[in-house]
Amino acid sequence: MPVDISKPLKQFLPTLLQAQQDNCNEADTVKLLIKLFSDVLGYDTITEITQEAHLKNKYVDFALKIDGAIKLFVEAKAAAI
């Protein structure tokens with residue numbers, strides 16, 4: 001069954017725009033993105049989001065797990081970038 005994220009996304013949008021306007025640094029942008037994935041998209045921050053995930057010989061800011069396996073890597077930059 002599809003989930004309608006339009007309402008929570010609209011509620012979160014001012015926060016994203018403010019972060020862009022304030023030129024949040026990368027670390028704060030990562031926190032904001034994790035909150036977006038959690039609050040808007042419903043990912044559990046304990047079991048489905050892992051920070052500093054290892055990818056080949058590098059690390060990415062965080063990764064999303066589905067059914068216990070990493071399915072998406074996320075590399076963040078400062079909000080204004």
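Two helices and three strands make up the secondary structure of the protein chain in this predicted model. Read from the N terminus, the order of these elements is α-α-β-β-β. The helices therefore precede the strands along the chain, as the order α-α-β-β-β shows for elements defined as DSSP runs numbered from the N terminus.

The overall dimensions come next. Taken along the principal axes, a box of roughly 35 × 35 × 15 Å holds the C-alpha atoms of the protein chain. The chain has 81 residues, and 27% of them count as buried. About 5900 Å² of the protein chain is exposed, with carbon and sulfur atoms supplying 55% of that area.

Contacts and charges add to this picture. Among contacts in the protein chain with a separation of 6 or more, 35% are between residues 24 or more positions apart. The protein chain carries 9 positive and 11 negative charges, and the mean positions of the two groups are 4 Å apart.

One residue can be followed in detail. Ile5 is found in the segment before α1, the helix that spans 6-21. Is Ile5 buried, partly exposed or exposed? Its relative accessibility is 29%; because buried means under 20% and exposed means over 50%, Ile5 counts as partly exposed.

Which residues does Ile5 touch, leaving aside its neighbours within four places in sequence? Ile5 is in contact with Val40 and Leu41. A separate distance relates Ile5 to Lys31: the two are 26 residues apart in sequence, and their C-alpha atoms are 20 Å apart in space.

Conventions:
Residues numbered from 1 in each chain as written. Predicted model: local features only at pLDDT ≥ 70, side-chain atom pairs only at ≥ 80, totals over all residues. Heavy atoms only, no water. Helix = DSSP H or I, 4+ residues; strand = E, 2+ residues; numbered from the N terminus. Buried < 20%, exposed > 50% of the residue type's maximum accessible area, 1.4 Å probe, protein only. Contact = heavy atoms within 4.5 Å. Areas by Shrake-Rupley, 256 points an atom, 1.4 Å probe, with all protein chains shown as cover. Lys, Arg positive; Asp, Glu negative; His and termini not counted. Charge placed at Lys NZ, Arg CZ, Asp CG, Glu CD.
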